[in-house]
Amino acid sequence: MSNGPNRILDEFAKLMTDAAGAAQGVRREVETAFKAQAEKVLNSMDVVRREEFEAAREMAVKARAENKALTERIVALEAKIAELTGENAAAGGSDASPKPRAKK
């Protein structure tokens with residue numbers, strides 16, 4: 001009866017291996033179900049995806065840089081106009097007289 005304890009240990013090891021495999025299968029199913037549910041909730045919330053956010057952010061950064069460059073160009077052009085017309089650059093080249101107020 002020397003096989004008795006070894007046989008019991010072998011059966012126990014087999015049982016534990018099967019249990020570990022089943023636990024992994026359950027874990028995968030739970031992860032899949034959780035991911036599907038999370039995606040469903042996020043889609044219903046109208047949340048922006050990371051790729052879309054990054055694309056919009058890059059467009060905003062580019063637009064901001066272009067806006068800054070155009071502002072600098074306008075300032076330089078206004079200064080040149082003021083220089084050519086003999087106006088004070090601090091006045092900004094705008095008409096100093098107030099506009100008439102609208103009648104009510």
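In this predicted model, a nonpolar patch sits on the surface, built from V41, L42, M45 and V47. Together these residues offer about 360 Å² of accessible area. One of them, V41, belongs to helix α1, which covers residues 3-44. V41 comes out at 37% relative accessibility, so it counts as partly exposed; that value also clears the bar for patch membership, because patch residues need over 30% relative accessible area.

As for the overall fold, there is not a lot to list: the secondary structure of the protein chain amounts to two helices and zero strands. Burial is scarce too, with 2% of the 104 residues counting as buried. The protein chain exposes about 10200 Å², and 59% of that area is supplied by carbon and sulfur atoms.

Helix α2 takes in residues 50-85, a run of 36 residues. From first C-alpha to last, helix α2 reaches 52 Å, close to the 52 Å expected at 1.5 Å a residue. Just past the end of α2 comes G86, whose phi is positive, at about 80°.

Now for the charged side chains. Opposite charges on side chains can pair when the charged atoms come close. Searching the whole structure turns up two salt bridges.

One of these links the side chains of E31 and R27, with an N to O distance of 3.1 Å. The two residues sit four apart in helix α1, so about one helical turn separates them. Neither partner is buried: E31 has a relative accessible area of 36% and is therefore partly exposed, and R27, at 44%, is partly exposed as well.

Helix α2 has a salt bridge of its own, between the side chains of E54 and R50, both of which lie in that helix. Here the N to O distance is 3.4 Å, which is within the 4 Å cut-off for a salt bridge. The spacing is again four residues, about one turn of the helix. In terms of exposure, E54 is partly exposed, with a relative accessible area of 24%, while R50 counts as exposed because its relative accessibility is 59% and the threshold for exposed is over 50%. R50 is also the residue at which helix α2 begins, given that the helix spans residues 50-85.

How values were computed. Residues are numbered from 1 along each chain as its sequence is written. This is a predicted model: local features need pLDDT of at least 70, side-chain atom pairs count only at pLDDT 80 or more; totals for chains, interfaces and linings use all residues. Side-chain values use heavy atoms; hydrogens and water are left out. Patches are made of residues with over 30% relative accessible area and no salt bridge: like charges are joined within 9 Å, nonpolar side chains (Val, Leu, Ile, Met, Phe, Trp, Tyr) within 5 Å. Accessible areas come from the Shrake-Rupley method with a 1.4 Å probe; for residues, only the protein chains shown count as cover. Buried means under 20% relative accessible area, exposed over 50%, partly exposed in between (1.4 Å probe, protein chains only). The expected span of a helix is 1.5 Å times one less than its number of residues.
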